[in-house]
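Here are a few notes to read alongside the model. Have it open as you go.

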Amino acid sequence: MLFRSLWHAEGDIFKVGITSENLGDKRIFDVANDVGFIPEIVMLENVGTVRAKAIESQILKLGEPVSFRRNFLGSSEFRHFSSSDLNKAIEIIIAS
């Protein structure tokens, strides 16, 4: 099983990602630590492997990608979200 997670990183920056049930929020905190953010989990939902990947693809179409000085594992999944983008992302997760 995988979990779908959406977490607030800083300002209007959010991280979208998939983590295993074994890692759970540890993966969130590891990625946040890599970039120097203190995460606030908006949603962590168990949706299964296939649906998690489909949901992630839909959500990553929202907002604008965040540019970092260096690439790191998970860096391509950060987005600038407006409140409307965030609400749409949450709706996508709930509907799945």
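**Notes on a buried arginine, the salt bridges and a helix**

1. The side chain of Arg 79 has a polar atom 3.1 Å from the backbone oxygen of Leu 60. That side chain also reaches the backbone oxygen of Ser 76, at 2.8 Å.

2. A word on the basis: this is a predicted model, where local features need pLDDT of at least 70, side-chain atom pairs count only at pLDDT 80 or more, and totals for chains, interfaces and linings use all residues. Residues are numbered from 1 along each chain as its sequence is written, and side-chain values use heavy atoms, with hydrogens and water left out.

3. Back to Arg 79: this residue is buried (under 20% relative accessible area, 1.4 Å probe, protein chains only). Arg 79 has no salt bridge (a side-chain nitrogen of Lys or Arg within 4 Å of a carboxyl oxygen of Asp or Glu). Glu 64, the nearest side chain of opposite charge, is 7.6 Å away.

4. How many salt bridges does the structure hold? Two. One joins Lys 15 and Glu 77 (2.4 Å, N to O), linking distant parts of the chain, 62 residues apart. Both Lys 15 and Glu 77 are buried.

5. Lys 26 and Asp 30 form a salt bridge too, their closest N and O atoms 2.7 Å apart. Lys 26 is partly exposed (between 20% and 50%), at 45%, and Asp 30 is partly exposed at 35%.

6. Have a look at helix α2 (a DSSP run of H or I, at least four residues), residues 49–59. Its buried residues are Ala 52, Ile 55, Glu 56 and Ile 59. They fall within an arc of 100 degrees (taken from the directions from the helix axis to the C-beta atoms), so they line one face of α2. Val 50 and Lys 53, on the face turned away, are exposed (over 50%).

Definitions and conventions:
Lys, Arg positive; Asp, Glu negative; His and termini not counted. Polar contact = N/O pair within 3.5 Å; in protein donor to acceptor, adjacent residues only side chain to side chain. Helix = DSSP H or I, 4+ residues; strand = E, 2+ residues; numbered from the N terminus.
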